[in-house]
Amino acid sequence: MFFRTKKSGPRIYLQIVENHRLGGQIKQRVIATLGRLEELQGSGQLESLLRSGARFAEAVMLLSAHHNGQLPSVRTRRIGAVLIFERLWAKSGCQAAIASLLRARHYEFPLERAVFMTVLHRLVAPGSDRAAERWRRDYAIEGLEALQLHHLYRAMGWLGEPLPDKEQGAATPFAPRCTKDLIEERLFAQRRDLFTTLELVFFDTTSIYFEGAGGESLGKSGHSKDHRPDLKQMIVGVVLDNAGHPICCELWPGNTTDVKTLVPIVERLRTRFAIGEICIVADRGMISKPTLEQLEARHWKYILGARLRRQKEISEQVLSRGGRYQMVHPKSRYSKDPSPLKVKEVWVGQRRYVVCLNEEQRSKEALEREAIISALREQLKRGDKSLIGNKGYRRYLKSQGARFTIDEQKILEEARYDGKWVLRTNTNLSAAEVALKYKQLWMVEEIFRSAKSLLETRPIFHKCDDTIRGHVFCSFLALVLRKELQERLEATGSQFEWAEVIVDLEALEDVEVVHQQKHFRLRTETQGTCGKVFQAVGVALPPTVRQIKEVARA
């Protein structure tokens, strides 16, 4: 049954109507006509009728009273992110992997719960472990009643604790094997089947700087990608498979250069995950002559980005070679179409290169340079002293006596690079396949950009290498859960911004109230993407209203 209004001339009447089936069709039957709507509203009879009926619908009364601020709230806790990521924590194998390693250890606190809480904190409000201990009080996470800050530190120390000497066989020269490595290997083994391989892996790094000393050996001075050369830092590398699943993370002292890490990482992957042939896909920052020589000597397959301007062989030979481009993707017609792409193969001796061209990007870069040059010409008319501090201007200037002029040759030289990137490979893949595989590396870089806060996890207050490694590893586990959620959303055809998902999950709350000496829990309404996220993960929403027994407060 439901209310319905019926118009009769200038008057509107309020009726109670019900649906019933008649001859295979749904018909509406008027149960009662209550009167003219404006008279019912003006006299207060409608509100009186609804209040009287609400006595027999306690849930409606509670929700209405709470909405009007007439019920005292005993406690409010957020439940959206907890329910979703608890399910993914179990489904991804994270919970089982940690539990299996803890069977031989005896802690007086729930260590697995401490790790989950820290990972959830990374996903929702990244920050220090000290902040996580305060943050968790507003969340309905089971098993945290007796957890204290020092328990979090001990949990981080356990994750980053080096394994016994006899288990250090697959260690790199930069870092020991730790408990976290065993968790990564168990997660991979759970996902692995007869068709799972690591024939193609993507590798990229970022740096994290420390406000303090940075541990016993991890914090070192090195090339700072964060433009903070005054602070010590560490290097974090992440390896992903062809489908974008995080496989493992690697942590090194901050003075370890990228070019030194590629070969040890591949060696480590082959040993840890029992894989045969592998093709490594990495950015140009990983390339050096000794690195390439080692890859070739080991007969490993690779697809590596090349430096266009710094390598003479690229700038003087590869880019100057003629030849027709092969169309991979035409100019896009719709926003969701792949970016336009052309490729051509170039050989220099025994070295194979693939030149890639994006026509749209070339036009964009040409227009941007034209705008810079146009502005530069106007500035030169008014004087050139202020131009030297502007990097955008400075690259197109040359000195001529005591003054500066535009370097026309530099403009022509820069135009050669518009919309292009060059790859070096020793695979048997076609030029188009090489380019498309390399473009998947941008997925890794996008993860670094969009999840930078997950990986940075600053500030880091830990003083020991073990706890620092555990702290950062929790960010890696957060990436694992994020990927799990994204896959489930994509399977249902949903594509949401990550920040939007988190905001909507955070808005779902569990409110404990007291009514007539009874305790109830009220669930707030779902907002935005929240309902679809619950459906995608297969989690049932709690009832809107449920009565609970009064329990002792944590």
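Helices, here H or I runs of at least four residues, and strands, E runs of at least two, are DSSP runs numbered from the N terminus. The model described in this report is predicted.

**The largest cavity**

With that numbering, helix 9 (179–191) and strand 7 (246–253) each supply at least two residues to the lining of the largest cavity. Strand 7 gives the most, with 3 residues. The structure holds 2 cavities of 30 Å³ or more, and the volume of the largest is about 40 Å³. Its lining consists of Ala175, Pro176, Lys180, Asp181, Cys249, Glu250, Leu251, Arg268 and Arg469. By class, the lining residues divide into 4 nonpolar and 5 charged, with no polar residue.

**Helix 10 and its surroundings**

Arg268, one of the residues lining the largest cavity, is also among the buried residues of helix 10. Helix 10 spans residues 262–272 and is mostly covered, 8 of its 11 residues being buried. Besides Arg268, the buried set comprises Leu262, Val263, Pro264, Ile265, Val266, Leu269 and Arg272. Just after helix 10, Ala274 adopts a positive phi of about 50°.

Ahead of helix 10, the loop that leads from strand 7 contains Thr256. Thr256 counts as buried because its relative accessible area, 9%, falls under 20%. Leaving out residues up to four places away in sequence, Thr256 touches Phe174, Ile235 and Thr261. A polar atom of the Thr256 side chain also lies 3.0 Å from the backbone oxygen of Pro253. His223 is 33 residues from Thr256 in sequence, yet the two C-alpha atoms are 8.9 Å apart in space.

**Two further loop residues**

Asp407 occupies the loop between strand 14 (403–406) and helix 15 (408–415). Beyond its neighbours within four places in sequence, Asp407 is in contact with Tyr396, Leu397 and Lys398. Of these contacts, Leu397 is 10 residues away in sequence, with a C-alpha to C-alpha distance of 5.2 Å from Asp407.

His299 is found in the loop between helix 11 (289–297) and strand 9 (301–305). Its phi is near 60°, a positive value in a residue other than glycine. Is His299 buried or exposed? His299 is exposed, because its relative accessible area of 68% is over 50%.

The table sets out the three loop residues by accessibility.

| Residue | Relative accessible area | Class |
|---|---|---|
| Thr256 | 9% | buried |
| Asp407 | 18% | buried |
| His299 | 68% | exposed |

**Nonpolar cores**

In soluble globular proteins, nonpolar side chains tend to be buried together. In this model, the largest nonpolar core has 60 residues, and those with the most contacts inside it are Ile84, Phe85, Val115 and Leu485. A second, separate core of 26 residues includes Phe203, Val263, Ile265 and Trp300. Two of the residues named in that second core, Val263 and Ile265, are listed among the buried residues of helix 10.

Which residues does Leu485 touch, not counting residues up to four places away in sequence? Leu485 touches Ile84, Phe85, Leu88, Trp498, Val501, Val533 and Val537. Ile84 and Phe85, both in this list, are also named among the residues with the most contacts inside the largest core.

Technical notes:
Residues numbered from 1 in each chain as written. Predicted model: local features only at pLDDT ≥ 70, side-chain atom pairs only at ≥ 80, totals over all residues. Heavy atoms only, no water. 1 Å grid on protein atoms, 1.4 Å probe; cavity = no way out; pocket = protein on both sides within 12 Å on 5 of 7 lines; lining within 4 Å. Points joined across faces, edges and corners; volume = space filled by probe spheres on them. Nonpolar A, V, L, I, M, F, W, Y, C, P; charged D, E, K, R; others polar. Buried < 20%, exposed > 50% of the residue type's maximum accessible area, 1.4 Å probe, protein only. Contact = heavy atoms within 4.5 Å. Polar contact = N/O pair within 3.5 Å; in protein donor to acceptor, adjacent residues only side chain to side chain. Core = buried A, V, L, I, M, F, W, Y, C linked by side-chain atoms within 4.5 Å.
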